[in-house]
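Visitor: I am new to this structure and would like a close look at a single part of it. Please start with the chain as a whole.

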Amino acid sequence: MKKFTFILIILVFSLLAFKPASTQSALDGKKVLIDAGHGGSDPGSTECSGLYESDANLDIAQRLKALIEADGGEGFLIRDGDYYMTNADRYNLANQVGGDVLVSIHLNGWYDHDMNYTQGLYAKYPKDYLFTSVVHESLADELGIDDGGVRQFASGVVLKSDMPATLQEAVFISSTEECAKLTDDSGDRQQEIATALYHGLVEWFNDPQAFNPGKRK
Ligand SMILES: [Zn+2]
């Protein structure tokens, strides 16, 4: 009888602890390192009047962190204010705090203010390439602009980080249309970019097959 009671208690506790997989979010317990590009004396692109790329990157990074944390994950901001960091500062901090993945947020800039597309950059294949492809796909699907594809770029931060890492040039801040959206004070475009990045992370953590190079192009 005692043994039976013991087994019953174990059973009840097991049932209480059981969480169906469907209610568990993809980001539950995941730690995402978020690197807002540039900062301080390095404003990044200054082709959008009234908004530095560095400030827009940080705004999007903070929104992405909020989305991740609303979903049970942890978002760690590599840069959490307007100050200068070298690439080494960034990857050293990333590797020191550790995380499942690293997302470096940038907005592209060019002198031609009609140019606009989204592009994903990776450093190492396949470590960063697969992750970059999954996140980029989400941005290409959701941002309503041309798909600039995925290309290799030996970014210091992405290259030296231990975890799968990606640098996303989400939109061209220099584009007249994007600049107008990003400076309309609603924050809507920043939120759209953060949401697309977040969806890319959900997709990545949802699909273990994404780790298999043969499964994805
Ligand atoms: Zn940049």
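Visitor: In the protein chain, what percentage of the contacts with a separation of 6 or more comes from residues 24 or more positions apart? After that, please look closely at the largest nonpolar core.

Guide: The model is predicted; local features need pLDDT of at least 70, side-chain atom pairs count only at pLDDT 80 or more, and totals for chains, interfaces and linings use all residues. Residues are numbered from 1 along each chain as its sequence is written. The percentage is 79%, a contact being two residues whose C-beta atoms, placed from the backbone, lie within 7 Å. The chain has 217 residues, and 44% of them are buried (20 or more other C-beta atoms within 10 Å of the residue's own, with C-beta atoms placed from the backbone). There are seven helices and six strands (DSSP runs of H or I with at least four residues, and of E with at least two, numbered from the N terminus).

Now the core. The largest nonpolar core has 51 residues; such a core is a set of buried Ala, Val, Leu, Ile, Met, Phe, Trp, Tyr and Cys residues joined through C-beta atoms within 7 Å. Helix H7, residues 188-206, gives the most to this core, with nine residues. Ile34, Leu64, Leu197 and Leu201 have the most contacts inside the core. Leaving out residues up to four places away in sequence, Leu201 touches Leu27, Val32 and Val135. In soluble globular proteins, nonpolar side chains tend to be buried together.

Strand S1, residues 31-36, pairs in the parallel sense with strand S2, residues 74-77, over four bridges (pairing requires at least two DSSP bridges). Lys31 has Glu74 of S2 as its bridge partner.

Definitions and conventions: Buried ≥ 20, exposed ≤ 12 C-beta atoms within 10 Å, placed from the backbone.
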